[in-house]
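Please look through the sequence and the structure shown here, and then follow the paragraphs below, which lead from one bound ligand to the other.

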Amino acid sequence: MFKDEVIIHVKAGDGGRGAVSFRREKFIPRGGPDGGNGGRGGHVVMVASPHLNTLYHFVYHPKQVAPNGSPGGSSNKNGKNGHDLILKVPPGTIIRNHPHGNTLKDLQKIDESVVIAQGGRGGRGNKSYATSTNQAPRRSDPGQPGEARRLHLELKLIADVGLVGLPNAGKSTILASLSAARPKIAGYPFTTLEPYLGIVAGPDYQTLVMADLPGLIAGAHQGTGLGDKFLKHIERTKLIAHIIDFSDPLPPPEAYQIINREIKSYSKILARKPQVVIANKTDLPEAQANLRKYKRQLPRGLVDISALKRSGLQKFVKALFKKL
Ligand SMILES: Nc1nc2c(ncn2[C@@H]2O[C@H](COP(=O)(O)OP(=O)(O)OP(=O)(O)O)[C@@H](O)[C@H]2O)c(=O)[nH]1
Ligand SMILES: [Mg+2]
């Protein structure tokens, strides 16, 4: 399951209470204060994990609480710090304060982390209040409360290339042929209901991350079909691979326009992203005919492939690395 927006509640641990205690031993009268300090509460830490690409795991665990620090003890024993609570999120997660909306952190790089709620400091024990004029203090402090926050997490996937096109164009077939990702492939529209990521190998041991997105149709920006809610996942890609089914009765230049109109209605920034345009399904005779008929009406550098027969894929991958 895929989820790219959640609201969660995090609470860091409270600090432990400081102790009030006096040393009591035979032959040592008035042994003096020996109450230790309380331990610090656990922080809540968020870290970008390379193994995740959804926020779905928070749906059933929207409340995340780090453990408290332990209280101080006698004989100068300080309380233990609470363990930090480590929350894994996919790279590309934007952490915002809810409901104010100010961004606290945008975790983009793998293993990047941030302390999102500070654990409370432990309280001082009476030992630490001893002075030359007050050698037997009975004062100790409670721990500070840990920080609590409501957070709005939003995922905008980090990929180099986003596959965009009408439903059934063959986007998932392309990702499956080029990477180890196994998105569902079928001959009906809207097979892909959520984004998939795959790693594509290129020349000289280079790799790129490719995102397969649900198909777009005319009116997607007004919510038709699955709408354009997945287009945010190409906001951070460097490149759009625009996939056209050349065997379709819909003339390829029209398919091309429909998608570009949707991209433009979504955002001007997306409209300016460089595209590599792909003619797919060229193993079929209809596609060959359309290629001859319409090639000139499409941008130069059109790459013709058959994702199913795996032909032209090297050329396609080369074109991607060249543009990147
Ligand atoms: N003949 C032929 N069929 C293809 C080719 N590429 C994909 N197909 C077929 O086209 C159909 C749709 O392929 P998908 O990869 O699921 O298409 P998609 O663009 O991911 O579709 P959505 O997820 O619905 O947007 C499947 O039946 C594929 O087998 C190709 O190069 N040649
Ligand atoms: Mg698909």
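A residue counts as near a molecule if one of its heavy atoms lies within 4 Å of that molecule. With this cut-off in mind, and remembering that the model is a predicted one, we can turn to ligand 1, which has 23 residues around it, and of these Lys171, Thr173, Phe190, Thr192 and Asp283 come nearest. Sorted by class, the shell around ligand 1 holds 10 nonpolar residues, 10 polar residues and three charged ones. Helix H1, which covers residues 171-178, supplies the largest share of this shell, namely three residues.

Several polar contacts can be followed atom by atom. An N or O atom in the side chain of Lys171 lies 2.7 Å from an oxygen atom of ligand 1, whereas Phe190 places a polar backbone atom 2.8 Å from an oxygen atom of the ligand, and a polar backbone atom of Thr191 is likewise 2.8 Å from a ligand oxygen. Taken alone, ligand 1 exposes 660 Å², and the protein buries 90% of that area.

Which protein atoms serve as donors of the magnesium ion, ligand 2? They are OG of Ser172 and OG1 of Thr192, which lie 2.0 Å from the ion. Because Ser172 belongs to helix H1 while Thr192 sits in the loop between H1 and strand S10 (196-201), this pair ties together parts that are 20 residues apart in sequence. Are these two residues buried or exposed? Ser172 is buried, and Thr192 is buried as well.

How values were computed
Residues are numbered from 1 along each chain as its sequence is written. Chains are lettered from A and ligands numbered from 1 in the order in which they are written. This is a predicted model: local features need pLDDT of at least 70, side-chain atom pairs count only at pLDDT 80 or more; totals for chains, interfaces and linings use all residues. Side-chain values use heavy atoms; hydrogens and water are left out. A polar contact is a pair of N or O atoms within 3.5 Å; within protein, one must be able to donate a hydrogen and the other to accept it, and residues adjacent in sequence count only if both atoms are side-chain atoms. Accessible areas come from the Shrake-Rupley method with a 1.4 Å probe; for residues, only the protein chains shown count as cover. Helices (H or I, at least four residues) and strands (E, at least two) are DSSP runs, numbered from the N terminus. Ala, Val, Leu, Ile, Met, Phe, Trp, Tyr, Cys and Pro count as nonpolar, Asp, Glu, Lys and Arg as charged, and the others, Gly among them, as polar. Donors are N, O and S atoms within 2.8 Å of the metal (3.2 Å for Na, K and Ca); water is not among the atoms, so sites may look incomplete. Buried means under 20% relative accessible area, exposed over 50%, partly exposed in between (1.4 Å probe, protein chains only).
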